[in-house]
Amino acid sequence: MDWNGDGLLDIIVGDRNGYVTYFRRTGPGVNDLASEGHLSDGSGVIDVGYSSAPVVVDWNNDGLLDLLIGNDASSQGIRLYLNSGTATNPVLTTWVYIQSNASNINRSRCCPQVYDMNGDGRKDLIMGENYAHVYYYENTGTDAAPVFSGYEDIKSAGSPIELYYGSRLWVNDWNENGFPDLIVSDYNGEVYVYMVDLTGAAEETTAQVQTCFSVTPVMNPAQGCFNINLQAPRGGNAELRVYDSAGRLVAAKGATGLSDGANLVTIDAGSMAAGVYTVVAAVGSEISTCRMVLTD
């Protein structure tokens, strides 16, 4: 995550005391980090009480990195700090709570993550919490203005995931099959990997398979450019968007006059840093996504 837009990956970390600390990378080495102290907002140092759990994401798709923070107390909810500064000089001023059905999302020791879990091109919200469940809030709004209207437990083998207190998680395509998997830890120090069950994919994904519209990598990992195989059974025009791991739109390309069947679309990635990206393709109301890894 490049917090100050200098092309180097920085670190933002929460702590038990409720603060959020920014470590700025000063060079290419693993230990080339300088502590910039606690992050602040318009009223002073950010303090959420206990067990701050920050997530950096471009929440409103304005090209600037914003900050979500979970915390220890179930009465506090998840804070959203929108960045009112610039890409190279982030400024956090006021904050609001993230809501579902017009009520604050309150979870004890909440550890949120933001990810498009159902492949519809909109960022969703998932979280671990004190009692070791993992909850999924589907975004029913837009990618630039998320709206949440309830939640469901993420399940494994037909039962809700339930570990030993204090679940913390990360979403990643662990086996590089284009679907999001879960890496979850708990208070015992164990780490679990939950692979997506393709037979239980979301309704939107099932619809994509039935229409045979799909977007897949030609080669993954890639260097220099993303070569995408776009399967368009009825031809037409497509729009492709590329998002980085923080949810920022980093590239967009229109593909016109598609043939009936497979089409090769190339997206220039020369200005992008190495990392994991999400490619979202849309033809009319149909959407398909894939994950791409860009190497140096």
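Tutor: Let's settle one term before we look around: Ala, Val, Leu, Ile, Met, Phe, Trp, Tyr, Cys and Pro count as nonpolar, Asp, Glu, Lys and Arg as charged, and the others, Gly among them, as polar. Also keep in mind that this is a predicted model.

Student: Okay, so using those classes, what does the lining of the largest pocket have?

Tutor: The tally is 25 nonpolar, twelve polar and nine charged residues.

Student: How much space lies in the largest pocket?

Tutor: The general idea first: rolling a probe the size of a water molecule over the atoms shows where empty space is left. Here, the largest pocket holds about 1,400 Å³ of space. It has 46 lining residues, and those closest to the pocket centre are Met1, Trp170, Asp244, Ser245 and Ala246.

Student: Which strands each supply at least two residues of that lining?

Tutor: Look at β1 (11-14), β6 (53-57), β12 (111-115), β18 (168-172) and β26 (275-283).

Student: Let's stay with β26. Why is β26 said to be largely enclosed?

Tutor: You read that from burial, residue by residue. Seven of the nine residues of β26 are buried, so the rest of the structure largely encloses this strand.

Student: Which strands does β26 pair with, and how do they run?

Tutor: Start with β23 (residues 236-243): five bridges join β23 to β26, and the two run antiparallel. If you want a spot to click on, Val242 has Val279 in β26 as its bridge partner. Then take β27 (residues 286-294), which is joined to β26 by nine bridges, again antiparallel. There, Ala281 is partnered with Ser288 of β27.

Student: And what do β26 and β27 form?

Tutor: They form a hairpin, with two residues between the strands. Check the turn for Gly284, whose phi is positive, at about 65 degrees.

Student: Next topic: charges. How many salt bridges does the structure hold?

Tutor: Six. When you read one, ask how close the N and O atoms come and which parts of the chain the two residues sit in. Take Asp72 and Arg16, which form a salt bridge with their closest N and O atoms 3.0 Å apart. Asp72 sits in the loop between β7 (66-70) and β8 (79-83), and Arg16 in the loop between β1 and β2 (20-25), so this pair ties together parts 56 residues apart in sequence.

Student: Are Asp72 and Arg16 buried or exposed?

Tutor: Asp72 is buried, at 18% relative accessible area, while Arg16 is partly exposed, at 48%.

Student: What other salt bridge does Asp72 form?

Tutor: Arg109 also forms a salt bridge with Asp72, and here the closest N and O atoms are 3.0 Å apart. Arg109 is in the loop between β11 (103-104) and β12, with Asp72 in the loop between β7 and β8, so parts 37 residues apart in sequence are tied together. Arg109 counts as partly exposed, at 27% relative accessibility. Put the pieces together and you have Arg16, Asp72 and Arg109 linked in a network of salt bridges.

Student: Which side chain meets Arg24 in a salt bridge?

Tutor: That of Glu36, at 2.8 Å from N to O. Arg24 is in strand β2 and Glu36 in strand β3 (residues 33-38), so to speak two distant parts of the chain, twelve residues apart. Arg24 is partly exposed, at 27% relative accessible area, and Glu36 is partly exposed too, at 40%.

Student: How many disulfides does the structure hold?

Tutor: Zero. The test is sulfur to sulfur, with a cut-off of 2.5 Å. For Cys111, the closest cysteine sulfur is in Cys110, 7.1 Å away, which is too far for a bond. Cys111 is also buried, at 9% relative accessibility. For Cys225, the closest cysteine sulfur belongs to Cys290 and is 13 Å off, again too far for a bond. Cys225 is partly exposed, with a relative accessible area of 24%.

Student: Last one: how many cavities of 30 Å³ or more does a search of the whole structure find?

Tutor: One. A cavity differs from a pocket in that the probe fits but cannot get out. The largest cavity has a volume of about 40 Å³. Its lining is made of Trp3, Gly63, Leu64, Leu65, Asn83, Thr86, Ala87, Pro90 and Arg248. Sorted by class, that gives five nonpolar, three polar and one charged.

Terms used. Residues are numbered from 1 along each chain as its sequence is written. This is a predicted model: local features need pLDDT of at least 70, side-chain atom pairs count only at pLDDT 80 or more; totals for chains, interfaces and linings use all residues. Side-chain values use heavy atoms; hydrogens and water are left out. On a 1 Å grid over the protein atoms alone, a cavity is a set of points where a 1.4 Å probe fits but cannot get out, and a pocket is an open set with protein on both sides within 12 Å along at least five of seven lines; lining residues have an atom within 4 Å of a point. Grid points are joined across faces, edges and corners, and a volume is the space filled by probe spheres set on the points. Helices (H or I, at least four residues) and strands (E, at least two) are DSSP runs, numbered from the N terminus. A salt bridge is a side-chain nitrogen of Lys or Arg within 4 Å of a carboxyl oxygen of Asp or Glu. Buried means under 20% relative accessible area, exposed over 50%, partly exposed in between (1.4 Å probe, protein chains only). Two strands pair if DSSP finds at least two bridges between them.
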